[in-house]
Amino acid sequence: MSDALTKYREELYCCSRCGTCKYIYQNYSDSCPAGKKFQFETFYPSGRLHIARGLLEGKIEWSERIRDILFSCPTCASCTVNCQSRHHILIVDIIEALRAEAVSKGFGPLPNQKAFAESIEKEHNPYKEQHDHRLDWKKGIESEVPQKDKASILFFVGCTSSYRQKDLAQATVKLLNKLGVDYTVSEEEWCCGSPLIRTGQLDLVKGLIEHNLELIKRTGANTVITSCAGCYRTLKLDYPHYAQKLEGVEILHITEFLQKMIKERKLKLKRLDAKITYHDPCHLGRHAGIYEAPRAVIQAIPGVSLIEMARNKQNAWCCGAGGGVKAGFKDWAVEISNDRIKEAEETACDILVSACPFCKTNLQDAISASNSKLRLMDIVNLLNDLI
Amino acid sequence: MLQQAEERAVITEKLKEIVGKEWVSDHPEELLVYSYDMTENPAHQPDFVVMPKTVEEISAIVKLANENKIPIVPFVTGSNVGGLTIPLKGGIIVDLKRMDKIIRFDQDDMYVIAEPGVTFGHINKFLKDTQFRYCYPNAPPFTSIMANALLGGLNNLSLKYGNMAEIINGIEAVLPTGEIVKIGSCACWDEHWWGRSSMPDLIGLFVNWQGMTGIVTKIGLQVWPNHPFRDWKFVLSNDFDSTYHFVKKLANCEIMNDILLLSTETVKMVLGVPIGQAVWLEGEPRWATVLDFAANTQKEFNAKLEIVEDAFKEVKKVDTKAAICSVTAAEKMYGPRVGDFKRLPFTIGGMLEYGGHTWVGTYMTSNPKIVSKGVDKAFEVIGKHKFEKCLYTRMMKGGHYWAFRFLLRFSKETPEETERMQKLTKELFESLFELGAMPYKTPAWAADFIIKRCDPQYVELMHKIKKTLDPNGIFNPGRWGND
Amino acid sequence: MELFQGPTDIFGIAIYHSLNKKMSEDEKYRDFIKSLKESIVIDLDYYPLMIKLTGGAPEVTRTIENPTVIVKLNTQDFLNILDSKASIMGLFLRGKMKFKKGFFKLLKVYKLFSNLVKN
């Protein structure tokens with residue numbers, strides 16, 4: 001057993017399989033997407049910890065079944081919130097460490113997840129797109145994108161915005177321009193590494209991190225802003241584990257930055273008479289504890305009323321895309337998202353807003369698959385239209 | 001366990017035909033995880049785990065098992081504290097989680113009809129916005145209400161109504177030979193599950209039988225009206241006899257919902273004091289009593305409170321340091337966790353976060369002399385084995401009997417610790433049995449002890465009934481002498 | 001990995017946790033506590049315990065050493081304060097809360113506990 005897993009030995013023996021991780025504590029709505037779908041004990045967080053124990057004790061061996069069990073977890077961290085035991089905060093860390101171990105033993109990741117690692121290695125993004133096209137999102141707004149080598153703020157675009165949600169990258173640039181912010185965008189950005197870390201494919205991670213940290217250093221930025229919850233989580237929480245922490249650099253999600261602008265009265269927004277509901281991305285909410293900033297931003301829009309979904313903040317239902325599930329279980333990822341769409345529809349909202357392009361992709365896929373009339377926007381796109 | 005791989009493969013395929021391939025597993029991973037629970041009871045692996053959705057699927061599984069003489073063990077959450085879902089002879093674990101519907105709620109007769117997978121969490125959520133409440137043990141929300149009822153578990157209305165088996169109105173079950181039967185008023189009318197009177201009561205064939213007589217697929221369970229005025233009091237005291245007398249007196253007054261008498265060690269465990277450190281320290285109060293009462297009007301509430309306070313004054317005469325406070329005061333001292341009694345079901349983190357939890361949980365006489373002797377004896381035994389003396393007791397059914405339990409947490413990190421706990425539970429159980437304490441959710445090893453000491457006619461009758469219902473002896477074999 | 005910190009005696013747990021909670025929620029209270037250099041003994045009828053305030057994190061212990069303040073009251077009165085059935089000042093004036101040492105620190109003690117027992 002690897003050092004990474006024996007490190008968690010004590011925590012593995014904390015779990016008594018009381019089942020509290022399976023539902024939202026004292027509310028009892030579903031909270032674990034994998035458990036809800038597959039229902040065997042093994043597919044719940046507690047089951048995975050006991051699988052790890054079985055491996056530690058030599059009672060079972062690595063297998064494809066273990067691979068399927070481990071990689072079906074979207075790492076939404078709902079279990080870390082609902083488990084009442086002292087190891088609760090480490091459950092996702094343990095699952096990610098188990099995945100890394102599975103990969104090292106040749107039992108993971110799933111084929112589509114392996115494919116995005118190959119793409120990252122070759123083209124520095126998981127989407128099998130050419131690295132040379134990473135900046136294509138600038139087309140049509142080239143003159144609006146700063147060309148500076150140095151600035152106090154670096155806008156870290158992220159792969160999903162660069163290749164799949166280009167409108168989000170563009171909207172972020174426009175928003176930052178409207179706010180008169182001193183920022184720059186690097187032409188040398190690589191994948192933040194999140195898809196690899198979540199799926200245990202750690203070989204390339206250090207290289208990615210070192211590259212990205214170097215480019216941050218080169219810009220002289222003391223603040224890095226990203227509009228992707230996944231990049232945010234990775235830059236803020238994972239990077240310090242893999243490399244020396246970059247001193248004096250603050251990592252902010254765009255909503256944190258916008259909240260600051262609101263507090264400093266630098267954000268003047270047009271009126272929008274609408275009912276909005278907000279989906280908490282797991283990487284922003286449960287992983288990083290950012291619940292209020294996006295809400296403050298939404299509520300700063302005159303005329304808007306914010307209506308919460310039944311499961312919100314630390315109890316938010318996962319969009320289904322995270323943890324490699326979008327790649328590994330394409331249909332099921334949309335199935336998970338469909339639950340979220342239904343929940344949003346129940347609020348009778350005019351707009352469903354999120355703060356992560358990866359969430360947006362999967363939520364949009366569910367909207368299309370279910371022929372829903374729901375309107376989905378990223379918070380940046382929403383605000384950009386209102387400044 | 002089935003020895004031949006081909007044999008197993010054939011059964012796996014047949015099970016898949018019944019429930020669908022995604023609901024059957026014979027993978028080592030599932031077999032391992034389903035082979036043990038949080039208790040000190042040894043692991044035994046099943047051969048298959050299957051998750052049916054309908055009664056018809058269960059019936060087909062049972063018929064298949066009979067044809068091939070494969071043991072069957074019903075399972076929902078596996079969190080009974082008696083090792084009762086550990087398949088002692090291997091076979092098929094029938095995980096009933098997918099059957100999680102509350103089928104009907106009858107507000108006039110105040111009962112719900114629930115499938116096996118309905119947990120305390122589910123029913124709490126279901127009744128939340130109604131005028132009704134269910135009854136809860138201090139068990140995590142993910143615990144089956146059906147299993148707890150069939151195993152005669154206790155709860156926070158046990159003072160009024162007894163153990164949970166006493167609130168069963170009716171059941172539907174798949175017998176060990178595959179037939180589907182209804183028992184109770186529902187045997188005549190599907191729309192009426194109001195009770196067990198007045199036909200010969202066969203519900204007992206499933207209560208405390210630990211899944212040996214079939215799989216219950218629906219259960220009618222009583223619920224109660226909520227009362228608008230409700231409060232909890234905590235009493236700290238040193239003297240057991242006067243405290244117990246106080247509890248018994250209040251029980252006999254028929255005004256309380258629930259009375260828990262705990263040792264200080266139990267309180268500390270609930271507060272999260274680490275394992276091994278929940279010990280009574282010289283000078284501390286020895287006992288903590290939790291009183292739960294409710295009323296329909298403020299007048300009634302005040303009257304009940306007066307009775308409680310008058311009874312407490314009697315304690316104070318003997319035990320001058322005894323003190324009483326509200327749950328609000330306790331929450332101010334210890335944080336909201338201590339007020340979780342108000343918000344059942346809840347998970348006692350401190351109890352469950354070392355991987356191992358068990359008890360010796362018994363029902364016994366409420367005779368004060370015997371109870372007192374029981375406490376002394378139990379403390380002696382537990383102290384000898386160097387575990388924490390987490391006493392957890394409850395007056396049952398108006399004072400007709402007494403729930404006498406010790407919550408025992410241990411780490412499963414080393415086999416030695418589990419063996420130590422096995423020695424403790426054995427000695428503790430045997431000591432208490434001598435005093436007239438009968439374990440509920442009786443583990444197999446304790447059942448073996450009991451059948452050698454109880455009326456042989458009882459044992460013979462039990463075996464006769466079991467043989468009649470389960471001629472191939474496939475349902476949860478290895479328990480109560482039914483091999 | 002233990003998350004539980006502080007003493008394990010039943011009243012020590014209460015004082016330690018409520019002190020730390022109040023200090024984490026109320027900056028002024030935190031500054032006040034950190035400004036105190038006292039060893040305050042609460043002598044309950046069950047047993048005494050000491051709150052050691054030295055400018056850093058408060059320590060709550062059953063070991064009594066060099067107290068600067070000793071306040072005696074019985075557990076029921078202590079619980080009555082928490083239940084809002086009695087006030088600290090009322091108990092003091094009725095002689096149910098006695099200063100066996102450090103009487104002149106009455107106001108400090110009052111401030112320490114009155115803020116602690118508020119909601």
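The following paragraphs describe the domains, contacts and secondary structure of a predicted model with chains A, B and C.

The model as a whole scores ipTM 0.95 and pTM 0.95. For chain C, the mean pLDDT is 91, and 97% of its residues score at least 70. Among the elements of this chain, the highest mean pLDDT, 96, belongs to strand S4 (residues 69-72) of chain C, and the lowest, 87, belongs to H5(C). As a general caution, predicted coordinates should not be read in detail where pLDDT is low.

Chain A is divided into three stretches, with domain 1 covering 3-104, domain 2 covering 111-260 and domain 3 covering 268-386. Between domain 1 of chain A and domain 2 of chain A, the C-alpha centres are 30 Å apart, and the contact between these two domains involves 7 residues of domain 1 and 7 residues of domain 2. On the domain 1 side of this contact, helix H7 (residues 91-104) of chain A gives the most, with 5 residues. Classified by residue type, the side of domain 1 of chain A that touches domain 2 of chain A holds 4 nonpolar, 1 polar and 2 charged residues.

Chain A also touches chain B, in a contact that takes 28 residues from chain A and 36 residues from chain B. On the chain A side, at least two residues each are supplied by helix H4 (45-56) and helix H5 (64-71) of chain A, and of the elements involved H4(A) gives the most, with 4 residues. The side of chain A that touches chain B is made up of 11 nonpolar, 11 polar and 6 charged residues.

The domain assignment of chain B gives a domain 1 that is composed of two segments, 1-226 and 452-483, and a domain 2 that spans 229-439. The C-alpha centres of these two domains of chain B lie 29 Å apart, and their contact takes 21 residues from domain 1 of chain B and 25 residues from domain 2 of chain B. On the domain 1 side, the elements giving two or more residues are helix H4 (120-127) and helix H6 (158-161) of chain B, with the largest share, 4 residues, coming from H6(B). By class, the residues on the side of domain 1 of chain B that touches domain 2 of chain B comprise 11 nonpolar, 8 polar and 2 charged.

Chain B further contains an open sheet of 8 strands with antiparallel pairing, ordered S15-S12-S14-S13-S17-S18-S16-S19. The edges of this sheet are formed by S15 and strand S19 (438-439) of chain B, each of which pairs on one side only. Within the sheet, strand S16 (residues 355-364) of chain B and strand S18 (residues 401-411) of chain B pair in the antiparallel sense over 10 bridges, and Thr358(B) stands opposite Leu408(B) in S18(B).

Chain C has 5 helices and 5 strands, which follow one another along the sequence in the pattern α-α-β-β-β-β-α-α-β-α. Its radius of gyration is 14 Å, close to the 14 Å that the globule rule gives for 119 residues, so chain C is as compact as a globular protein of that length. Along the principal axes, the C-alpha trace of chain C spans about 45 × 30 × 30 Å. Of the 119 residues, 33% count as buried, and among contacts in chain C between residues at least 6 apart in sequence, 56% join residues that are at least 24 apart.

One element of chain C, helix H3 (residues 75-82), is mostly covered, with 6 of its 8 residues buried. The buried residues of H3(C) are Gln76(C), Phe78(C), Leu79(C), Asn80(C), Ile81(C) and Leu82(C). These buried residues pack against elements of two chains, namely strand S15 (323-326) and helix H10 (327-334) of chain B together with helix H4 (88-93) and helix H5 (106-117) of chain C. Strand S15 of chain B, against which buried residues of H3(C) pack, is also one of the edge strands of the open sheet described above. After H3(C) comes Ser84(C), which has a positive phi, near 60 degrees.

Definitions and conventions:
Residues numbered from 1 in each chain as written. Chains lettered and ligands numbered in written order. Predicted model: local features only at pLDDT ≥ 70, side-chain atom pairs only at ≥ 80, totals over all residues. Domains from an automatic or database assignment. Nonpolar A, V, L, I, M, F, W, Y, C, P; charged D, E, K, R; others polar. Rg over C-alpha atoms; globule rule 2.2 N^0.38 Å. Buried ≥ 20, exposed ≤ 12 C-beta atoms within 10 Å, placed from the backbone. pLDDT = per-residue confidence, 0-100. Pairing = 2+ DSSP bridges.
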